[in-house]
Amino acid sequence: MKAVQFTGHGGREVIEYGDVPDPTPDRDEVLVDVKAGALNHLDVWTRRGLPGLDLEMPHVPGSDAAGVVLEVGEDVTRFGPGDRVALSAGVSCGECEFCRDGEYSMCVNYHVIGEHVPGVHGEMAAIPEDNLVEVPQGVEWETAAAAPLVFQTAWRMLLNRGDLQAGEKVLVLGASGGVGHAAVQIADYAGAEVYATASSEEKLRYAEAVGADHVVDYEAEDFAERVRELTDKRGVDMVVDHVGEATYPDSLRSLAKGGRVVTCGATTGPNPGAGLNRIFWNQLSVIGSTMANPGEVDDVLELVWDGTFEPRIRDVLPMSETARAHEMLEDREGFGKVVVVPDSEYDRA
Ligand code: ZN
């Protein structure tokens, strides 16, 4: 079959689309005919290489996909041929103290399909049963592929780790990205007053369309200063920051006394200044979050499937143009999710 592959760590030139052996499902795995996949910043980091990430090359990437079940391993009980499914990429051991507490995304052996083990951006993928969710009839493949990773991440970050309450003020940075646009929708749904940053007039209008009450162009204005103005110098209760080094000091400046920054990533780098003086004097909290527990995944996807939340599709490309998809993410072009489909499907559409 054909699949996307990284021939090594490096620039976009390491991305190829070519032949790999057909996957065969293990006893607990499901073989899926992939209809669509979606890109995440994680794909870019995995391609560039991360400290401690030791991958066998070539590596098939992809942490989001949806499709139809072709066959199942003998121990699989929840799915059968013809079922419509989507991937939820977090893998936990089920045995460590955190798993036994139900905190699967804190598993000491936690890993992510596509990042630490081969991913799903090919014509087919063999996926553990525990990592599949059912996709109702009527949900588009692009939607089913685009939603799981970013919506589960934003859901846990805001509602569980961040404990966002109705009426609170929340600032979402980078509202045009995958996690950002999910966070705006979830914060709005939770009854928060939503402030959002983006880098162009078009992206700001888009942030408003998905639920932002106030928008700030971070390229034209000092966003922390603007947020303090908009809140009569008070600041916001929560900042959702997946940007990292470039924004973290200003995230702290945007907070009201007792406020919190929640982070699920650092696309501009992981080592900002600590700002401890601001943290203790204003009694701030910095809270990390990664992926989500299976129950949280079910809760948020229910709201995607029924149309409450909508993953916006920035573009749909054939998998052979995955390098272009990486370019769109790296250059922050457009808003929402970049979807890729196997070339054979793309040609049919
Ligand atoms: Zn575990």
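Student: What makes the approach of aspartate 222 to alanine 224 at the start of α7 a polar contact?

Tutor: This is a predicted model, and in it a side-chain oxygen of aspartate 222 reaches to within 3.1 Å of the backbone nitrogen of alanine 224. A polar contact is a pair of N or O atoms within 3.5 Å, so the distance fits the definition.

Student: Which residues of α7 are buried, and what do they pack against?

Tutor: Helix α7 covers residues 223-230, and its buried residues are Phe223, Ala224 and Val227. They cover an arc of only 100° around the axis, which puts them on the same side of α7. These buried residues pack against the strands β10 (169-172), β11 (193-198), β12 (214-217) and β13 (236-240), and against the helix α8 (248-253).

Student: What follows α7?

Tutor: Aspartate 232 follows α7, with a positive phi near 50°. That is a positive value in a residue other than glycine. Aspartate 232 lies in the loop between α7 and β13.

Student: Why is aspartate 232 called exposed?

Tutor: Its relative accessible area is 70%. Exposed means over 50%, so aspartate 232 qualifies.

Student: Where else is there a positive phi in a residue that is not a glycine?

Tutor: Arginine 332 has one, at about 50°. Arginine 332 sits in the loop between α11 (322-330) and β17 (337-341).

Student: Why is arginine 332 called partly exposed?

Tutor: Its relative accessible area is 45%. Partly exposed is the range between the 20% and 50% limits, so arginine 332 falls there.

Student: How do you know that the buried residues of α6 line one face of the helix?

Tutor: In α6, residues 201-209, the buried residues are Lys203, Leu204, Tyr206 and Ala207. Seen down the axis of α6, they fall within an arc of 160°, so they line one face. The face turned away from that buried side carries the exposed residues Glu202 and Ala209. The buried residues of α6 pack against α5, β11 and β12. After α6 comes glycine 211, with a positive phi near 135°.

Student: What makes the arrangement around the zinc ion tetrahedral?

Tutor: The protein donors are the SG atoms of Cys93, Cys96, Cys99 and Cys107, at 2.3 to 2.4 Å from the zinc ion. The 4 donor atoms subtend angles of 100 to 119°. Four donors count as tetrahedral if all angles lie between 85 and 135 degrees, so the name applies.

Student: How are the donor residues spaced in sequence?

Tutor: The spacing is C-x2-C-x2-C-x7-C.

Student: Are cysteine 96 and cysteine 107 buried or exposed?

Tutor: Cysteine 96 has 10% relative accessibility, and cysteine 107 has a relative accessible area of 6%. Buried means under 20%, so both count as buried. Cysteine 93, at 29%, is partly exposed.

Student: How many disulfides does the structure hold?

Tutor: The structure holds 0 disulfides. A disulfide would need a pair of cysteine sulfur atoms within 2.5 Å.

Student: What makes the bond from methionine 57 to proline 58 stand out for a reader of the backbone?

Tutor: The peptide bond from methionine 57 to proline 58 is cis, with omega near 0°. Proline 58 is in the loop between α1 (41-48) and β4 (65-72).

Student: Where are glycine 167 and glycine 191?

Tutor: Glycine 167 is in the loop between α4 (148-161) and β10. Glycine 191 is in the loop between α5 (178-189) and β11.

Student: What is each of the two glycines in contact with, beyond its neighbours within four places in sequence?

Tutor: Glycine 167 is in contact with Gly191 and Ala192. Glycine 191 is in contact with Ala166 and Gly167. The two glycines therefore have heavy atoms within 4.5 Å of each other.

Student: Why is glycine 167 called exposed and glycine 191 partly exposed?

Tutor: Glycine 167 has a relative accessible area of 57%, which is over 50%, so it is exposed. Glycine 191 is at 36%, between the 20% and 50% limits, so it is partly exposed.

Student: How far is glycine 167 from aspartate 237?

Tutor: Glycine 167 and aspartate 237 are 70 residues apart in sequence and 9.9 Å apart in space, C-alpha to C-alpha. Glycine 191 and asparagine 40 are 151 residues apart in sequence and 27 Å apart in space, again C-alpha to C-alpha.

Notes: Residues are numbered from 1 along each chain as its sequence is written. This is a predicted model: local features need pLDDT of at least 70, side-chain atom pairs count only at pLDDT 80 or more; totals for chains, interfaces and linings use all residues. Side-chain values use heavy atoms; hydrogens and water are left out. Donors are N, O and S atoms within 2.8 Å of the metal (3.2 Å for Na, K and Ca); water is not among the atoms, so sites may look incomplete. Four donors count as tetrahedral if all angles lie between 85 and 135 degrees; four count as square planar and six as octahedral if opposite donors are over 155 degrees apart and all others between 65 and 115; anything else is irregular. Buried means under 20% relative accessible area, exposed over 50%, partly exposed in between (1.4 Å probe, protein chains only). Helices (H or I, at least four residues) and strands (E, at least two) are DSSP runs, numbered from the N terminus. The arc is that of the directions from the helix axis to the C-beta atoms. A polar contact is a pair of N or O atoms within 3.5 Å; within protein, one must be able to donate a hydrogen and the other to accept it, and residues adjacent in sequence count only if both atoms are side-chain atoms.
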